[in-house]
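Please look through the sequence and the model shown below. The paragraphs after it go through two helices, a cavity, some aromatic rings and a loop.

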Amino acid sequence: MSHRRVLVVAAGRLPLMPCSRPPVPQMGLGPQRGAYHDIPPLSLAVHCVRGVAARLPGLDPKAVKGILWACANPVGPQNFTGRTIANSLGWETTFGSMTNHLCASSMRVQLDAANFLTSPFFGSDDEPQVYIAGGVEKMSEVRLANIFTRDYTHDAYEALGPRATAMGLTAEATARRFELTRQDLDAWSLVENQRARAAITAGWFKDEIVPITIDGKTYDNDALPAELTADALAKGKLYFDAKNGMVTQYGSSQMTDGAAALAYCNEAAAKRFGWAPLAEFVGGAIGTAPAQYMGEGIVDAWEQYQRRTGLADDEFNARYAVQEHNTAFAPVPLALMKKHHIPREIVNIAGGATALGHPLGATGARLATTAIHLMIRLGKQYGLADMCVGEGQGGLGAFQNLRG
């Protein structure tokens with residue numbers, strides 16, 4: 001990447017709200033009447049971007065060059081672009097796009113924002129430039145047909161054959177390859193549940209949340225997940241492989257609706273408007289893995305970025321002391337943590353997706369927002385956020401704390 005600095009000057013997200021009951025097979029899986037049930041995805045996106053922009057005093061919309069928006073299922077009510085958001089806000093000189101990179105969608109647009117800001121083809125060092133990068137996903141608008149057998153369309157399934165297995169089955173394969181046990185998965189789900197409940201109760205997330213009022217009620221914190229116990233975990237139902245599996249409903253990411261966004265800018269913009277940046281974007285990576293081991297894309301992305309730093313595992317983990325790994329399924333972060341000796345104390349410090357949920361297109365921005373605020377709260381200098389991606393990919397973004 002160029003020597004030009006890429007600054008994060010604001011980051012925020014809507015409260016994460018469940019849109020489905022916990023996925024218990026005998027009860028069925030489907031959208032429920034969550035808090036965002038009657039709110040269009042575009043309205044959630046506009047509210048989130050407006051809230052992030054409000055954290056930038058003196059912002060001139062003409063300096064916002066683009067809204068780089070993301071969604072993993074941009075169809076039906078979710079079929080709009082960043083330009084639609086810009087028009088809704090009256091930002092007539094802002095371009096906009098919509099990116100679908102599945103679970104890495106809103107991490108991908110952060111990488112795009114960094115590339116725009118460091119490329120000589122898009123503006124100059126002296127020109128104030130701001131990009132809003134984020135995403136939305138109403139999981140209650142997503143129809144996950146045949147979730148127990150496959151996650152692909154018919155044509156994709158026919159093209160890929162046996163590799164086109166359901167994401168949960170790829171997680172089962174990773175668990176076996178890394179010699180993880182059902183007890184390992186359950187123990188991590190319990191940790192994520194306890195950490196999420198503690199963080200929500202203590203108000204840790206309120207600094208990063210854009211409050212929203214619905215039917216006269218203001219939501220300024222995430223929905224508190226039900227408390228898990230070791231006994232409940234032991235009784236969890238195998239969700240994908242009922243005969244030989246390890247992944248239960250508790251070891252799977254929960255169904256939630258959400259939106260998140262970050263404001264990226266160059267030094268000229270920060271200087272002109274007098275903004276104190278939260279963090280600097282210091283690097284990113286896109287990983288790949290065989291489709292049948294989808295969850296291992298997170299490992300490749302992490303390793304790509306680690307190689308660029310030139311640091312061994314212990315040095316890297318000491319430096320990047322806040323690591324947000326998206327727990328699409330419990331084996332995903334556990335495989336990475338086991339291979340590279342990542343201490344549990346620095347991973348998903350405020351809980352993970354098995355408790356908080358995984359609104360696909362918003363997850364990359366949500367993880368980055370949480371990582372940056374945790375770095376500031378805990379006084380850690382470096383942090384990162386990453387995730388596995390459907391069809392065998394991964395994504396990562398890394399940050400340096402500029403607030404001390």
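Which residues of helix 6 are buried? The model is a predicted one, in which local features need pLDDT of at least 70 and side-chain atom pairs count only at pLDDT 80 or more, while totals for chains, interfaces and linings use all residues. Residues are numbered from 1 along each chain as its sequence is written, and side-chain values use heavy atoms, with hydrogens and water left out.

The buried residues of helix 6 are Arg182, Leu185, Asp186, Trp188, Ser189, Leu190, Glu192, Asn193, Ala196, Ala199 and Ile200. Buried here means under 20% relative accessible area, exposed means over 50%, and partly exposed is in between, with a 1.4 Å probe and protein chains only. Helices (H or I, at least four residues) and strands (E, at least two) are DSSP runs, numbered from the N terminus. In general, an α-helix has 3.6 residues a turn, so residues three or four places apart point the same way. The cover over the buried residues of helix 6 includes helix 7 (230-234), helix 11 (331-339) and helix 12 (353-356).

The length of helix 6 can be checked too. The expected span of a helix is 1.5 Å times one less than its number of residues. Helix 6 has 20 residues (182-201) and should span 28 Å; its end C-alpha atoms are 29 Å apart, which agrees. Just after helix 6 comes Gly203, with a positive phi of about 75°.

Helix 13 (residues 363-378) can be read in the same manner. Its 16 residues should span 22 Å, and its end C-alpha atoms are 22 Å apart, which agrees. Helix 13 is mostly covered, with 13 of its 16 residues buried. One residue in helix 13 is Thr369, which is buried because its relative accessible area is 0%. Apart from neighbours within four places in sequence, Thr369 is in contact (heavy atoms within 4.5 Å) with Ala11, Gly12, Glu208, Ala261 and Leu262. Gly379 follows helix 13 and has a positive phi, near 70°.

Next comes the cavity. On a 1 Å grid over the protein atoms alone, a cavity is a set of points where a 1.4 Å probe fits but cannot get out, and lining residues have an atom within 4 Å of a point. The structure holds 1 cavity of 30 Å³ or more. The largest cavity has a volume of about 40 Å³, a volume being the space filled by probe spheres set on the points. Its lining consists of Trp204, Phe205, Glu208, Thr370, His373, Leu374 and Arg377.

The structure also has 14 aromatic pairs. Rings of Phe, Tyr and Trp (its six-membered ring) pair if their centres lie within 6.5 Å; planes under 30 degrees apart count as stacked, over 60 as edge-to-face and the rest as tilted. Phe95 and Tyr131 form an edge-to-face pair, 6.2 Å centre to centre with 65° between the planes. This pair links distant parts of the chain, with Phe95 in strand 4 (residues 95-99) and Tyr131 in strand 5 (residues 130-138), 36 residues apart. Phe95 is partly exposed at 35% relative accessibility, whereas Tyr131 is buried at 2%. Phe273 and Trp275 are stacked, because their ring centres are 4.7 Å apart and their planes at 20°. One aromatic cluster is formed by Trp302, Tyr305, Phe316, Tyr320 and Tyr382.

Last is Gln292, in the loop between strand 9 (279-288) and helix 9 (297-309). Gln292 counts as partly exposed at 30% relative accessibility.

Notes:
1 Å grid on protein atoms, 1.4 Å probe; cavity = no way out; pocket = protein on both sides within 12 Å on 5 of 7 lines; lining within 4 Å.
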